[in-house]
Amino acid sequence: MMTKRDPVSFMEEEYRALVERELDWKLRVLGGASQPRCNVDGRDVLMLCSNNYLNLSNHPKVKDAAITAIRSHGAGSGSVRPIAGNMDLHAELETRLAAFKRAEASLVYQTGFAANAGLIPQLADSGDLIVSDELNHGSIIDGVRLSKADRAVYKHCDHAHLEEVLANAEEHSPPYRRILLITDGVFSMDGDIAPLDHISGIAADHGAMVYVDDAHGEGVMGEGGRGIVSHFGLNRDDVHVEMGTFSKAFGVVGGHVSGSESLVKFALNKSRTWLLSGSHPPAVAAACIAAVDVLETEPQHVKNLWLNTDYFRRGIQNAGFDTGKSQTPIVPIMIGESAAAKVFSRRLYDLGVFALPIVHPMVSKDSARIRTIMNAALTREELDEAILAFEKVGSELKLV
Ligand SMILES: *Cc1c(COP(=O)(O)O)cnc(C)c1O
């Protein structure tokens, strides 16, 4: 007789395998708001690893907008956007975002992940080619997996290699119908910036469409936090799809794409994640409108973010640490071995600083790091306190 199959034991086994390799997520609990000084697992700490760059999640205008919208529009939207869930607030958000981005039009998705997973497979199908930076975000990778297009990967930010990949693609027989080039704007592990000026120039030479995921660039880079397209002074003929999220510097939640009217009409009629999943609750849409408003009217937040970034990075470097390739408020503090990075992070927490380690296999074996993300609302005293904690742990572990 065949041995009876246990249909569910794999879950426990695979989970245990992760625990053995110390690769399981141990969830921390925030007691209260995500803000520069917050409570993590019952301890008061300085928050150095949230994506809430500008602290807009706690901005009075953003919070009030959410509360007011619940009173006027209710707690939920009642449907997907194409059927009965398209509220005036959703439309207003798209108009406001497009104006902020200086694009013809914008479309809001439930999340950034939903934007990438929904739109990318519609932009390239069999007979097409998707060209992708090797360190692109997982949501891009999943979007690409949903497409039947061929794929080619170029070396991280290496525009000479990109040129080679595109030249090879020209030789393909039968010729590719379309080529879609996708890159992150700011890369979240190293805090480095895609050379979008070169990339878009090369793409134009080869007739490729350019799609940039600016999740970590908007609210941070460019004029008034308008993002990487603005940072490089590019326009809509250079970059055809500018994708982003409201879950990072905007301080709320939601994904979006900006570009031409035809992009938005195409995207809303084709993206399955957009068509088949409920729209944002009114509170979310209203809070996002308020966040756009704050970015347009209060330039001090982006300014403070960069002042804090420069101060913190210099302090960390003066303490003897290597901050890798960081050019943005994402500041990795390179440690080396994964085990050392884990101990480092635990000791920081004991000293009242919350910053998580990024270890193998997320990064290569010898480049484990503590990844920090700067915040506009941290004070000089708090930054000094954080730098001191890094110095202390660094000398304890004989790293500096
Ligand atoms: C965070 C992130 C996303 C996902 O955005 P969400 O709105 O949180 O789903 C997509 N791409 C990149 C590069 C990101 O960093």
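This report covers the empty spaces, unusual backbone sites and one surface patch of a predicted model.

**Cavities and the largest pocket**

Rolling a probe the size of a water molecule over the atoms shows where empty space is left. Across the whole structure, two cavities of 30 Å³ or more turn up. The table lists their volumes beside that of the largest pocket.

| Space | Volume | Lining by class |
|---|---|---|
| Largest pocket | about 1,200 Å³ | 18 nonpolar, eight polar, 10 charged |
| Largest cavity | about 70 Å³ | four nonpolar, four polar, one charged |
| Second largest cavity | about 50 Å³ | two nonpolar, three polar, three charged |

Start with the largest pocket. Its lining holds 36 residues. Trp25, Lys26, Arg28, Leu356 and Pro357 lie nearest the pocket centre. Which elements supply at least two lining residues each? They are α13 (338-350), β11 (353-354) and β12. Helix α13 gives the largest share, with five residues.

The largest cavity has a lining that includes Arg81, His90 and Leu93. Val108, Tyr109 and Gln110 also line this cavity. Trp274, Ser279 and His280 complete the list. Two elements, α3 (88-101) and β3 (105-109), each supply at least two of the lining residues. One residue of this lining is charged, against four nonpolar and four polar. The charged one is Arg81, because Asp, Glu, Lys and Arg are the residues that count as charged.

The second largest cavity is lined by His137, Asp184, Val186, Ser188, Asp213, Ala215, His216 and Lys248. Three of these residues are charged, three are polar and two are nonpolar. Asp184, Asp213 and Lys248 are the charged ones, because Asp and Lys both belong to that class. Val186 and Ala215 make up the nonpolar pair, since Val and Ala count as nonpolar.

**Backbone sites to check**

Most residues other than glycine have a negative phi, and most peptide bonds are trans. The sites below depart from that pattern.

Where are the cis peptide bonds described here? One joins Ser173 and Pro174, with omega about -5°. Pro174 sits in the loop between α6 (159-170) and β6 (179-184). Another runs from His360 to Pro361, with omega near 5°. Pro361 is in the loop that connects β12 (357-358) and β13 (368-373).

Two residues other than glycine have a positive phi. Glu22 has phi near 55°. Glu22 belongs to the loop between α1 and β1 (37-40). Is the residue buried or exposed? Glu22 is partly exposed, because its relative accessible area of 45% falls between the 20% and 50% limits. Arg102 also has a positive phi, about 55°. Arg102 lies in the loop between α3 and β3. Those elements, α3 and β3, also help line the largest cavity.

**A nonpolar patch on the surface**

Val8, Phe10 and Met11 make a nonpolar surface patch. The patch covers about 290 Å². Val8 comes in the segment before α1 (9-20). Val8 has a relative accessible area of 47%. Residues need over 30% to be part of a patch, so Val8 meets that limit. Val8 still ranks as partly exposed, because exposed means over 50%.

Definitions and conventions. Residues numbered from 1 in each chain as written. Predicted model: local features only at pLDDT ≥ 70, side-chain atom pairs only at ≥ 80, totals over all residues. Heavy atoms only, no water. Patch = residues over 30% accessible without salt bridge, like charges linked within 9 Å, V, L, I, M, F, W, Y side chains within 5 Å. Areas by Shrake-Rupley, 256 points an atom, 1.4 Å probe, with all protein chains shown as cover. Salt bridge = Lys/Arg side-chain N within 4 Å of Asp/Glu carboxyl O. Helix = DSSP H or I, 4+ residues; strand = E, 2+ residues; numbered from the N terminus. Buried < 20%, exposed > 50% of the residue type's maximum accessible area, 1.4 Å probe, protein only. 1 Å grid on protein atoms, 1.4 Å probe; cavity = no way out; pocket = protein on both sides within 12 Å on 5 of 7 lines; lining within 4 Å. Points joined across faces, edges and corners; volume = space filled by probe spheres on them.
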